[in-house]
Amino acid sequence: MPNVLTKTLWDSRRGLAGFALGTALVGAMYASFYPQIADGAMEQAVEGFSPALREALNMEDIASAAGYLGSSVFGILVPLIAVIYGIATGTRAIAGDEEAGYLDLLLSHPVSRTRLVLHRLGALAIGSFTLAAVVLLAMLAVRTGARLDTITIAQFAAQCVALGLLATLFGTIAITVGAATGSRATALASSTVLGVLCYAADTVAPQIGADGARYLSPFHYYIGNQPLRNGFQWIDLGILLATIIVLGALAVVSFNRRDLAS
Amino acid sequence: MGYVIRLEKLSKTYGSRRGLVDLDLTVGEGEVFGYLGPNGAGKSTTIRLLLDLIRPTGGKAWLFDRNPSEHAVDLHRRIGYLAGDFVVNPRQRVSECLTFLAALRGGVPRQRIEDLAGRLDLDLSARIKTLSKGNRQKVGLVQAFMHRPDLLILDEPTSGLDPLVQQTFLDLVREARAAGQTVFMSSHIMTEVEAVADRVGIIREGRLVALEAVARLRDHAIHRFDITFAGPIDQSAFAALPGISDLTIDGPTAQFALAASPNDLIRVLARHEVASIRATEPDLEELFLAHYQPADGVQENSNA
Ligand SMILES: Nc1ncnc2c1ncn2[C@@H]1O[C@H](COP(=O)(O)OP(=O)(O)OP(=O)(O)O)[C@@H](O)[C@H]1O
Ligand SMILES: [Mg+2]
């Protein structure tokens, strides 16, 4: 029997498949450049960078597999696409569908607003983790061929779980803003701006001496403690999850209080 | 008999914009209620308040004696709703959409959906984006009626439908009434509401300005006649008809208004050579507002 969650996933299947395959492809492609990097090309390229910049870009040891993947594939490309997926999905989940007029119909059925938000949040999380799982599979597929086997499967999995939570978190920000305002543009803009600020707080702020700022950034809890080297960072994952839960609760409360846009 | 809908001084302002002002209204079980008003009168506002899509800024509403907001989920099980601008995700097939909506209600027999679609001539296998406006509206009608709800709330249900389908829709409403369902439907057009409604209310600028039983309206109905004769006209016979007014005879043509049953008229006509006869539908809406006597609990449109 279909419900709001399964229907949401089903309706977004093409977008999700596109995002997941695209992310995995880009990730696998860049990961398979690793053998060239390991042979020294990249070391030379970043030699001129200042130590601060290298640290910011997680490039201290670019030649190791974990160092390379942590700075390129999992440092920028994959989280960028995953966060875009999360924001796009979260924006559509409440505010987008509300502006399109779809929510009138759903909420005139025996579906509470709380249930709608939770099911949409659930669909976002499942979508994000599907994307992360496809990325993980792609990494495991190229792992041996690209000489990445210094990273264990568990370490890859740890990084991909963090990726799933990161995408879910930014999607949840869009859901929460959408649930509170009903405005698609506001949900999209605020979550995007927040995403950029958070990324900057994790990478740029330490360089300009604002070291503490990174602890406010989800990106820090996503990769700061290097899951590719250190495996599951349970505290970091817990912080990401707790943030999602708090935002989800805010979304439920605010969505229950207001008028639906007509 | 219990009230299915009960509104007490129900009000809604959007910021500073007027939506609905102190609306008092009751709709009884099994009743078909027509809710008429011009654009922007507050019809959709009333309906969206009933469904807890928006919240009142004043007054109270009860559906089946329960608060629409506190018991939204339970109440929605018993309600079928068609929005004024019915939209669904257009990238799905009609049957997919209806099956999903039925599942939210715990399922509806496949046969019921097929029957309704058949009667409305709706293709269940079509993608919604390929449907015309009227055909999309049919999807909305099917989802509102399919689970045989105790209360149907229909916001301009016939908009976009061709006359044939409008008749099918009216049949569906009659069947719903026969099955004891209550119907609350909004419209711009008196004739369509009058055809099925037991009572009609007229709303203007957020206030209920008239409320009347359709049967009583019919008693007052005035028909206008325009008759051309092939022979001489007995003017005094016409002038003597009970309920006649505005009698003018111009050559072979007589024009008048008749506020009574046409029985006596037919007897008079039988003694004439009639070349052509034209009777216009009574304009109930006009009559309604002109002859309306405010009843209990109804606001006069005084400070509109
Ligand atoms: N979301 C909103 N924000 C501000 N004003 C609104 C909103 N919704 C409705 N209104 C105002 O409330 C009034 C009543 O609108 P409503 O949609 O209830 O009219 P209606 O009777 O359904 O009209 P129509 O026949 O055109 O559908 C209008 O003046 C409208 O401008
Ligand atoms: Mg309307």
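## A nonpolar surface patch

On the surface of this predicted model, M29(A), Y30(A) and F33(A) form a nonpolar patch with about 260 Å² of accessible area together; such patches are made of residues with over 30% relative accessible area and no salt bridge, with nonpolar side chains (Val, Leu, Ile, Met, Phe, Trp, Tyr) joined within 5 Å and like charges within 9 Å. A salt bridge is a side-chain nitrogen of Lys or Arg within 4 Å of a carboxyl oxygen of Asp or Glu, and accessible areas come from the Shrake-Rupley method with a 1.4 Å probe, only the protein chains shown counting as cover for residues.

Y30(A) is found in helix 2 (residues 13–31) of chain A, helices being DSSP runs of H or I with at least four residues, and strands runs of E with at least two, numbered from the N terminus. Y30(A) counts as partly exposed because its relative accessibility is 31%, between buried (under 20%) and exposed (over 50%), with a 1.4 Å probe and protein chains only.

## Aromatic pairs

Over all chains, the structure holds 13 aromatic pairs, in which ring centres of Phe, Tyr or Trp (its six-membered ring) lie within 6.5 Å, with planes under 30 degrees apart called stacked, over 60 edge-to-face and the rest tilted. One of them is the stacked pair of F33(B) and F184(B), 5.5 Å centre to centre with 15° between the planes, and both residues are buried.

## How the model was read

Residues are numbered from 1 along each chain as its sequence is written, while chains are lettered from A and ligands numbered from 1 in the order in which they are written. Local features need pLDDT of at least 70 and side-chain atom pairs count only at pLDDT 80 or more, whereas totals for chains, interfaces and linings use all residues, and side-chain values use heavy atoms, with hydrogens and water left out.
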